[in-house]
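Reader: I am new to this structure and would like the terms explained as we go. Please show it to me.
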Amino acid sequence: MEFKSRDFSAAKRILKIRKLNVGLTGRPKAAPVLDGIDLDIRAGETHCLVGESGSGKSVTSLAAMGLLPPDALEIQSGLIDLEGFDITAARPAQMRELRARRIAMIFQEPMTALNPVLRVGEQIEEVLNMHTDLSTADAKARTIDMMEQVHLPDVQRIYSAFPHQLSGGQRQRIMIAMALILDPDLLIADEPTTALDVTTQLQILKLIAEMQERHGTAVLFITHDMGVVAEIADTVSVMQKGRIVESAPIRDLLTHPKEDYTKKLLKAVPNLAPRPSRGVSAKSDVITVAGLDMTYGGGGFFRKSEGVKAARDVNFTIAPGRTLGIVGESGSGKSTVARCIMRLIDPTAGKVTVAGTEIAQLSRRQLQPHRKHFQIVFQDPYRSLNPRWTVARSLCEGPINFGTPRDAAMDHAAELMELVDLPRDALDRYPHQFSGGQRQRIAIARAVAMKPDLLVADEAVSALDVSVQAQVLDLLDDIQEKFGVAMLFITHDLRVAAQICDEVLVMQKGLVVEHGPAGGVLSNPTHEYTRNLIEAAPGRRWDFANFRALDSAPANQGATA
Amino acid sequence: MTEIPTSRHSAFQVLTGLFSLPAGARIGIGPMIAAVILVVIVLAAVLAPLYVPYDPLSMDAMARLKPPSEAHLLGTDPYGRDTFSRVMTGGRVSLLIGIGAAVVSVAVGLMIGLVAGFFRVADGVIMRIMDSLMAIPAILLAIALVALNEPSLSSVIIAITVPEVPRVVRLVRSVVLSAREEPYVEAAIALGSSMPKILIQHLMPNTFAPLIVQGTYICASAILIEAILSFLGAGVSTEIPTWGNIMAEGRVYFQIKPGLIFWPGLLLSLCILSINLLGDTARDLLDPRMKKREG
Amino acid sequence: MFLYILKRVLATIPVMVIVAIFVFLLLRLTPGDPAAILAGDAATPAQLERIRDRLGLNDPLLTQFFTWMGQLLRGDLGVSLLSNTSVAGMLADRLGPTINIALMTIVISVAMAVPMGVIAAWRHRTWVDFLVMSFSVLGFSVPVFVIGYILIQIFAIDLRWVPVQGYKSPAEGFGAFFSRAILPSLTLATIYIALIARMTRASMLEVLGEDYIRTARAKGVRENVVLFRHALRNAAVPILTIIGTGFALLISGVVVTESVFNIPGIGRLTVDAILARDYPVIQAMILLTAGIYVFVNLLVDVSYSFFDPRIRY
Amino acid sequence: APVALSAQEDTSTITAVMHSGLRVLDPVITTAHITRDHGYMIYDVLTAVDADFAPQPQMASWEISEDGLTYTFTLRDGLMFHDGAPVTGADVVASLSRWGKRDSGGQLIFDVTASLESPDEKTIVWTLTEPFAPLLDVISKQSAVPPFIMPARVAATSSDETITEYVGSGPFVFNEAEYEPGVNVTYDKFDGYVPRDEPASWMAGGKVVTVDKVVWTTMPDALTAINALSAGEIDYLEQVQIDLLPILQSNPDVTVEKRDELGYVTIGRPNFLHPPFDNKLIRQAAMAALDQESMLATMQGDPAYYNVCGAIFGCSTPLGDESGSELVTGGANIEKAKALLEEAGYDGTPIVLMAPTDVTSLINQPVVAAQALREAGFEVDMQSMDWQSVVQRRAQQSPVSEGGWNMFFTNWMVPEVSDPLINVMVNGRGDDAWFGWPTDPEIEELRADFVAAKDAATQKEVAVKIQEHVMDNVNYIMMGEYLIPQARRNTLQNMIPSPVPVFWNVTKAAE
Ligand SMILES: Nc1ncnc2c1ncn2[C@@H]1O[C@H](COP(=O)(O)OP(=O)(O)OP(=O)(O)O)[C@@H](O)[C@H]1O
Ligand SMILES: Nc1ncnc2c1ncn2[C@@H]1O[C@H](COP(=O)(O)OP(=O)(O)OP(=O)(O)O)[C@@H](O)[C@H]1O
Ligand SMILES: [Mg+2]
Ligand SMILES: [Mg+2]
Ligand code: NI
């Protein structure tokens, strides 16, 4: 794998941060949010800031922009120097002058970062109106030019479109155009691609690199995706709990991480090499899905609308103890399949047989007794537990529904807590008193409490940090081993799929385009779409966990393991 | 995927958003004062019979419209009744009307709203009826209900309640509709919980916080509406002193005896002010989102 | 868009029908006898009976209802039992003052409340915020008639800037209209301002926390542009909604204000009609006010898409 | 700077705030005072009483035959309806006939009418079957329903239906275009009206109009009306609440005065059909418990505006006499009341007392009465309602438990109670009597005596007997007389002191 790792020590220093302390406004005694941050970025350099969620990456970038929310966070001490200008001491008006001209920023969520009620063209042009004396016509011409530079198609139309009329990638291009139109010296990008699917992410990363090349901009790139880091960084800083624990050129960091935390972080990054496939079970399949169709909407009072064909003719089976992964870009119909199987929605056609019962056509009431055979774990650990219920109550809900006496259910709940590696006393606490990873483990425990034959996990680890993600994946693996459940694992992350699945099913626009053993699909994709998906995965040639390159194509590894 | 403010969505915001305080607000000095004021007023009203110097109904034609004096702390009204005794006693009924209206409309609205929010079939019909009730101006409905029956305490409470119910129903329904999309509700379905159980155990508690806020709002506005009904001659009989009818009776004396309006008005405003403020605070304390932010 | 409006208009039909049934039942199922009122002091039972017959009050309920609905569909609102004049005519006379005062109230309220709310949100948890919020809570807490009396005392009696009471239509000169309409409008506006200011503040607070506001600031946009161009339009939908639903409150206020300021509007007319059991007038008036309410909220709904392009019908 | 806002600039228009809004335009069908006042504006009457209660010619002079059975009226010259048609005998006959179906006094006369016809354009002949001495008094009365003269085609309307054409021959023309029911009525001067030559006295004499326009408006809020008068936005306020007088008295541009010396009476009426007031002793107990002075003081405040008076026909009228009224004029007699209740064996049946909440002049009485009755040991169930509900409910003969009632209060103008034929409360004909429905043959006999009485002295004698009977039997409880002052801008001069507010003779000067 090739790294950038260019040397910029000769270039002009754009941003210098020294001993920066940020704390909660009006509470100087509270634990600092940023604790003595030092950072340097030089012209043309791409500096990546990595670290787990909540480590202070965003706060650092906002501090540099002078955009800390004044009633929540404040700079307590330290220096932020932008080409000789001290940002910590700047007046609001001065700060406004600097922004967009000298320092610009792109945010993670392209939908929410653009004003939904203003045309995107206007939003770009506004920067010119604020900071230059260009005439209206010139400003527009300049805007159009910039939009072309970020490779937006059909620029005239998009100029007068509203954000919601654009795709995520297009929106992010608008953000970039907006940030770069005045040719700033420093571009801060806070997780600019996290919300995008891999193929779009790749395009955006390329675009940023291209623009940087063209304008010689310094880039501070924030991400938690080590793959992306490997792809784009010159230098990297690793953050943990408000401190920078390690800072090094990319190659050094990936090959010879010094700090334990860095090592831990890198070890948690799953490989794109598929796991060794488990033996095919002799027992009969837990679930059989045949010809599943799901069309949303349709009908309507005035217009007969077509409806969204979210899943078309989906077929698969899963045997006990085995895991089927469904991968595909956003909107391809993954969740739809999961929800149909769980009968949270009613499929338009097809058969779903779980533990010997055909459930696709059962009424709610008829279905109820069969529910214990299949359980689901959702993506969002915050919302999938009732915030008003204690953990114990949540864990007991299912068993009690199926006739387990309360006491027995409680005892079982305590055992489950051990299983998912949480203290027993956690039973009396409420969900908000846990971290995201802990919550997800509780959700898994709740599903397992039903002793299901099939466990559906819909993006069950996507909201979690890599390190936490690794723990949860381990837990799922354990459970599968112990109870021999069949698992349907839905993810958009190929690394995760490679890590956990025996079989993979690739979906695109509701259709299954490829289906086979994980090793086969991920190493020798036959379908164009699957190939693109794999190509686009950043850092796919690096074996992070072992601090070395994957010297050959991942497929071979999988095959030989 | 996109956040589209549909009208249902915004109706919910309207109802709850009215009382929003900044995120992370802790109970400040304001709500403390409000609570103290409210407790004092409520106690003063409830205990009024124990300490007021005169029977609030006893008249003395020879001592009409007297200015404040030792004998009559706040003077007397056009019947020669003691204003102080009346105002303090009047609080009892006003508060009763406020609390009564709030409790009844919240209870009735909660039931209808849960049904509407959960049973698709009933929803259409119920909501059309609620829309219609909302479209009739509350005050006209109240006057009609009171005038056409008779202005007893209970008919005033009912008259105030009827127009409030649809608002509560909408609120409850919107909470139920948005809560039933929550993954934890789907999880409960997956865990095999029955619909009534989900409705009562998972969904209903979500409505409590907004309902408490709405309840305080109804309580405050009921006290005000009672005053307006009295003003229009459709209120509770003057035999039952309320802040509303004391003010309504005193309104023509506004220029010569402002005390007749001022004192009940002051207590009423303080009371409503406190109730509203406490409603705001309750909202913040009960909002699970707040807990999440703190947690 | 057109289809949407058509659909919304059609959707108002059941609402209005239910209102009609409701009002009709409310009047007929409660005790009350317009004949006794018409007959006056010296009426004998026989006279009463004759009058009831003539008014059709002795017909079966269903017959009365369908007679009324039939008339209604033909656009005939009937004749006032009391004054024997056509309800449509009374309505035409009385609607103007109320609508004009209501419009003026809305203009005043929006013009004052929105900036108040915006500034309170912008400077939230400062004394400005506190002031605005105190005012708006106060606006909720004082009965309308008291506000009316206080305004009259100050501006009409002590300062003598404007007349105490009365109404002149704008057709008779804007000055004449304005000087009489300003106090009632201000009276009505207090509660409306309170409502809108609160909603604006709450909505703005939510919007000001959004990412795109941070984006705007990151672009170096001036604060006033951030507030009014970026934030306010996004905050508009709930504000519009409250203006629409608050319209019901406005109608309540109108009833009282029209008494205090002696304005010949529909609020007072309806109250008088209710007190006099003048059924045709009550029915027409409640239908009318309900219709106005529904219409205003229809307008509000349709105007959402003007402020928020994501809403397309 | 203060804006010029006054109604004072226009000296040809009088803006008056009347006691209530005009909604019913048929003065025969309703007894509402405002409609009667409206009647006097646009209609004329055949004969009218002057300030001495003496009937005087107005549209017509009269002759009575020796036997008292034939009355011949001759219309004066120059009488014309607002549509330009002359007033004829036929119009008068039609108008009187319609009135006779509605008015209680009129009904009595028509009971003894042989014929009423008009032999020629100018003459009307009324023939009776037996003498009816007070005929002229009845048709000249100023209230409640005077026989206004309308065109025959209008008077042809059934007496149960309201008229729809408002044409009279009076001094003012009803301006239909500017009429807003309950809010505004505009009257234009009728140029074709020929006033009599005599000076105006009450409803009699020359009705000389000096302004072009009179506008009546209604102000639902008493305080607003007073402020409007103070500020010069109106010229005249028919009724001022006594307590509010201080606001006006400090204004040098405004005069507050009594319109006339007669004023009003306020009365309480028991229901004879149901217990406990079907028992005479209990009615007497109620009368003993009540006290005029405190009732009137509460209503009026200022003793200058009330008059403790036990005379059911009014203290300053020819028939007025206070015999037997000590029980109610001599202060509350709680002991006596308790004794009477004891004697009657009152069992605590609650008294349903109807209490209107929306008519200022009627709010106080029930409240004061309830308190007094309770002190005497009555159970009182005071039920608040708007006045129209009282009006509806008082017509209910059903038992109290089924929507009936036991007592209510109302007010009359003194001229409406000033003799036994006009005063409906002394009617004792059971179901045909006024609400409360006493069946009282004794009083009916006395009333017949009154009709038959040949001279004033005999009439008075009978009237005193009726007075004593009413005080003993408690047909109703006379609660005293009171006056409601009027207020006007000083620019308004020469108003006629009269129980009915009239707008002829008045002049308006520039301020
Ligand atoms: N507005 C705020 N008020 C209080 N604390 C805050 C605020 N914003 C951030 N913090 C705290 O600052 C710390 C760092 O947050 P920050 O957003 O910088 O994390 P991050 O590294 O960007 O995480 P992520 O990967 O989830 O974006 C967190 O502990 C967070 O709780
Ligand atoms: N309730 C719904 N009504 C209408 N369309 C829907 C609904 N839910 C999903 N869709 C549409 O169905 C398609 C598939 O959606 P689905 O949620 O299954 O995708 P996904 O693969 O899970 O995507 P993601 O990775 O973003 O979760 C999308 O086009 C989506 O817009
Ligand atoms: Mg972040
Ligand atoms: Mg999904
Ligand atoms: Ni939403």
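Author: Start with one pair of side chains: that of A:T46 and that of A:Q212 make a polar contact at 2.7 Å. The model is a predicted one.

Reader: What makes the pair of A:T46 and A:Q212 a polar contact?

Author: The cut-off for a pair of N or O atoms is 3.5 Å. The side chains of A:T46 and A:Q212 are 2.7 Å apart at this contact, so the pair falls within the cut-off.

Reader: Why is A:T46 called buried?

Author: Buried means under 20% relative accessible area. A:T46 has 2% relative accessibility, so the residue counts as buried. A:T46 belongs to strand β3 (residues 46–51) of chain A.

Reader: Which residues come nearest to ligand 1?

Author: They are A:S53, A:G54, A:K57, A:S58 and A:V59, out of 14 residues around ligand 1. Helix α1 (residues 57–65) of chain A gives the most to this shell, with three residues. By class, the shell around ligand 1 holds six nonpolar, five polar and three charged residues.

Reader: How do you know that A:S53, A:V59 and A:E191 make polar contacts with ligand 1?

Author: The cut-off is again 3.5 Å between N or O atoms. A polar side-chain atom of A:S53 is 2.5 Å from an oxygen atom of ligand 1. For A:V59 a backbone N or O atom lies 2.8 Å from an oxygen atom of the ligand. For A:E191 a polar side-chain atom lies 3.3 Å from an oxygen atom of ligand 1. Each of these values is within 3.5 Å, so each pair counts as a polar contact. On its own, ligand 1 has 630 Å² of accessible area, and the protein covers 61% of it.

Reader: What makes up the shell around ligand 2?

Author: The shell has three nonpolar, six polar and three charged residues. Among them are A:V308, A:A310, A:E329, A:K334 and A:E459. β12 (308–318) and α12 (334–341) of chain A each supply at least two residues, and the largest share, three residues, comes from α12(A).

Reader: Which atoms of ligand 2 pair with the side chains of A:Y296, A:S330 and A:S335?

Author: A nitrogen atom of ligand 2 is 3.4 Å from an N or O atom in the side chain of A:Y296. An oxygen atom of the ligand is 2.5 Å from a polar side-chain atom of A:S330. The side chain of A:S335 has an N or O atom 2.6 Å from an oxygen atom of ligand 2. These values are within 3.5 Å, so the pairs count as polar contacts. Alone, ligand 2 exposes 630 Å², of which the protein buries 59%.

Reader: How do you know that the span of helix α15 of chain D agrees with its number of residues?

Author: Helix α15 (residues 441–452) has 12 residues, which at 1.5 Å a residue should span 16 Å. Its end C-alpha atoms are 17 Å apart, and this agrees.

Reader: Why are the buried residues of α15(D) said to line one face?

Author: The buried residues are D:I443, D:E444, D:L446, D:R447, D:F450 and D:V451. Seen down the helix axis, they fall within an arc of 160°, so they line one face of α15(D). On the other side, D:P441, D:E442 and D:E445 are exposed.

Reader: How many helices and strands does chain C have?

Author: Chain C has 12 helices and zero strands. Of its 313 residues, 62% count as buried.

Notes: Residues numbered from 1 in each chain as written. Chains lettered and ligands numbered in written order. Predicted model: local features only at pLDDT ≥ 70, side-chain atom pairs only at ≥ 80, totals over all residues. Heavy atoms only, no water. Near = heavy atom within 4 Å. Polar contact = N/O pair within 3.5 Å; in protein donor to acceptor, adjacent residues only side chain to side chain. Areas by Shrake-Rupley, 256 points an atom, 1.4 Å probe, with all protein chains shown as cover. Helix = DSSP H or I, 4+ residues; strand = E, 2+ residues; numbered from the N terminus. Nonpolar A, V, L, I, M, F, W, Y, C, P; charged D, E, K, R; others polar. Expected span 1.5 Å × (residues − 1). Buried < 20%, exposed > 50% of the residue type's maximum accessible area, 1.4 Å probe, protein only. Arc of directions from axis to C-beta.
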